Amino acid sequence: MSKRSQQIEALFRQGQHLHRAGRLAEAENTYRQVLLAMPRHAEALHAIGALALQCGNAEFANRMVTEAIAQKPAADFQFTRAHALLALRRPEQAAETARLVLRARPRSAPAHQVLGHALSDAGQPEPAIAAYRTALGLQPELPDIRNNLGMALRQASRLAEAEAELRQAPPEPEALVNLSSVQKERGAFAEAEATLRQALRIAPADAALLYNWSLLMLLLGRPAEAWPGWEHRFRAGATPSRPFTQPQWQGEPLGGRSLLIHTEQGLGDVIQFARYLPALRGPRIGGPVRFEAPARLIRLLSGNQAMPPMVAADAAPLLTDTVAPLMSLPARTDLVPADPPYLFAEPDRVAAWAKRIGGDGFRVGINWQGFRGRLEDRGRSFPLTLFRRLAEVRGVRLISLQKGDGEDQVATAGFVLRTLDGLDDGPDGFLDTAAVMAALDLVITSDTAIAHLAGALGRPVWVALRRVPDWRWMLDRTDSPWYPTMRLFRQSRDGDWGSVFAAIAEALAGASAGAALAGWVGDPP
C-alpha cells in the first residue's frame, strides 16, 4: 500500500472513530475528505450513506450506498441499502436486497429480520412471520425480534399467537403498547388497560403510550380520561405533524389575535369534528377564526352558514397568529358542538336526484368498502354480496353510494342494485351523495366517511361494525352519541358478518313494512 493510500485509510478510520462517538457532522466531513482524495472509496461512500440514514435522509443514503455497491457489492452495504429502501417505503426492493444479503450470509439473523420488515410492509404477513421465526431461531436475543414477530402475527389476524409472542418480548414501552393493542383487538379490554398502565409506569411521558391510552379510553366511553393523551397523536406519529411556527391555541380567549383551525386525518374525521366549528364564531372567542379545510369539502361545509370562513388545505399558507388542529377542539376547549344536522344538501341538487331516483319502494343507499390503502380498513369493510339478503326484503330498493374502491364488485353482485352515473364526478366531494341521501329512506354502510356524512345530515343511517370497532363507536350500544339518527349493528365474533346482516335484514323488513303500512315515502316517521 502506498503512503498516500495509508494516509487515506488512516483518515477513514478517524471518520469511523468520530462516527462511533456520535460526532456525526465531524464524521461526515472526514468521510468527504476521504472521497475528495479517492472518489471511489467504497467504504467511505457506504459510511456517508449509513450516516445519512441515521440522520433521516433515506434518499441520499440510498444513493450513496448504491454507489458503494457499484464499487464493491459487499453484504454489509446491501444490508444498509435494504434499511434505506424500507425508510423510503419501497418494501419490495428492500426484500429483494435483503435476499441478496442472505445469499452471502444465510445464517444472518439481522438479515432475516430486515426481510421480515420488508415483507410485512409489503402486506405479506405470512412470509414475514417465517422470516422472523428464522431470525428468532438463529439469534433469540436479537433486539425487537419478539415484538416484530408478534406484530406480523397481528397483521395476519393470528391474535392469540401474537399476544403469546409479545408477552415474551422484553417489557419495553413499544412492545407493551403493541401487546395492549392486540389485547384490545381480542376484546380483552381490562388486560389492555392493565398493560398500558404498566407501560406508563415505565415511561410516563411516552407519546405512543399516551396516545394509545386515549384510544382505549375513548373506546371504553371514558372521554375525560382520553383527551389529554389524544393530544399526543402527532408526537406518536399517528397523525402527520404540520410545520406551523405559530403558537398552538389552547382554548383561551384570542384577545384580537387570529386563529387558524387546520384539517387533519380523513374526510370522515373532518365531517365528524366539523360540528365544533360553528361555536368558534361567537363573541367569547375574541378574534377572527378561519378553517383550513380539504378543498373537496369546502362547498359541502359552507352549506352551513354558521361555519367560519374557509380556505383550501392545498392553498398557500395563511398569515395567522395562532393555530389548532380540528380534532383537538374537544380536548382543548369547552365548546358546545352543533347537533345534527349541521351539514345540509343543496336543495336544487336534492330535487334533481330525487327525480332521478323516483319515489317507488323503500329506498336504501348502501356502501360497503372503505379505502383499501388504509390499515384502519382491515376488518371493517365487507363484500357487496352480503347485501343480497337485504335485496330480498319485500319493497326494498338498493341504491349504490359506493365510489372508488369496491365499485368493481357491482358487476358480480348477483342482485338488483341501482347505480347512479355521474355521482360526485365533479371536484367537490359528497355534494351529490348528500343530495341523494336526502332523497332516500335509509343509508346502510360500513364504517366509512359515508356513515359520518349521513349522520351529519341527520339522515337515518345504519352502520355495520366489526366486533372491536374504531374508538368513536365505543362498545355494547346500538346508538351513537355523535349522531342521533344512527343505529349500530355489531359483530359478536370476529369476521362474522353473516349474523350482522341477518339482524339488519330483520330490522329492514320491519322498517319497510312499517313505511308501506303508513303510506310513507321520504322522511322517517
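Helix H2 (residues 24–37) and helix H3 (residues 42–54) pack at an angle of about 155°, and their axes lie 9 Å apart. Axes here are lines fitted to C-alpha atoms, for helices over the stretch in contact, and angles run from 0 to 180 degrees between N-to-C directions. H2 is therefore roughly antiparallel to H3, a term applied to angles over 145 degrees. The crossing of H2 and H3 is left-handed, meaning that the near helix is turned anticlockwise from the far one by less than a right angle. On the H2 side the contact (heavy atoms within 4.5 Å) is made by Leu 24, Ala 27, Glu 28, Tyr 31, Arg 32, Val 34 and Leu 35. H3 contributes Ala 44, Leu 45, Ala 47, Ile 48, Leu 51 and Gln 54. By class, ten of these residues are nonpolar, one is polar and two are charged. In this scheme Ala, Val, Leu, Ile, Met, Phe, Trp, Tyr, Cys and Pro count as nonpolar, Asp, Glu, Lys and Arg as charged, and the others, Gly among them, as polar.

The model is predicted: local features need pLDDT of at least 70 and side-chain atom pairs count only at pLDDT 80 or more, whereas totals for chains, interfaces and linings use all residues. Residues are numbered from 1 along each chain as its sequence is written, and side-chain values use heavy atoms, with hydrogens and water left out.

The chain has 22 helices and nine strands; these are DSSP runs numbered from the N terminus, with helices (H or I) of at least four residues and strands (E) of at least two. Its C-alpha atoms fill a box of roughly 100 × 55 × 45 Å along the principal axes. Of the 525 residues, 51% count as buried, that is, under 20% relative accessible area with a 1.4 Å probe and protein chains only. Among contacts with a separation of 6 or more, 62% come from residues 24 or more positions apart.

Asn 62 is found in helix H4 (residues 58–71). Asn 62 is buried, with a relative accessible area of 7%. Residues up to four places away in sequence aside, Asn 62 touches Arg 81, Ala 84, Leu 85, Leu 88 and Arg 90.

Two open sheets are compared below; two strands pair if DSSP finds at least two bridges between them.

| Strand order | Pairing | Edge strands | Average turn between neighbouring strands |
|---|---|---|---|
| S3-S2-S1-S4 | parallel | S3 (310–312), S4 (322–325) | 25° |
| S6-S5-S7-S8-S9 | parallel | S6 (396–400), S9 (486–490) | 25° |

In the sheet of four strands, S3 and S4 each have a single partner strand, so one side of each is left without a neighbour in the sheet. Strand S1 (residues 259–262) pairs with strand S2 (residues 289–293) over four bridges, and Leu 259 has Val 289 as its bridge partner in S2. Four bridges also join S1 to S4 in parallel, where His 262 stands opposite Pro 325. Along S4, Thr 322 and Ala 324 point one way while Val 323 and Pro 325 point the other way, and all are buried. In a regular strand the side chains alternate between the two faces of the sheet.

In the sheet of five strands, S6 and S9 each pair on one side only. Strand S8 (residues 461–465) runs parallel to S9, joined by five bridges. Ala 464 stands opposite Phe 489 in S9.

Notes
Parallel < 35°, antiparallel > 145°, perpendicular 65-115°, else oblique. Buried < 20%, exposed > 50% of the residue type's maximum accessible area, 1.4 Å probe, protein only.
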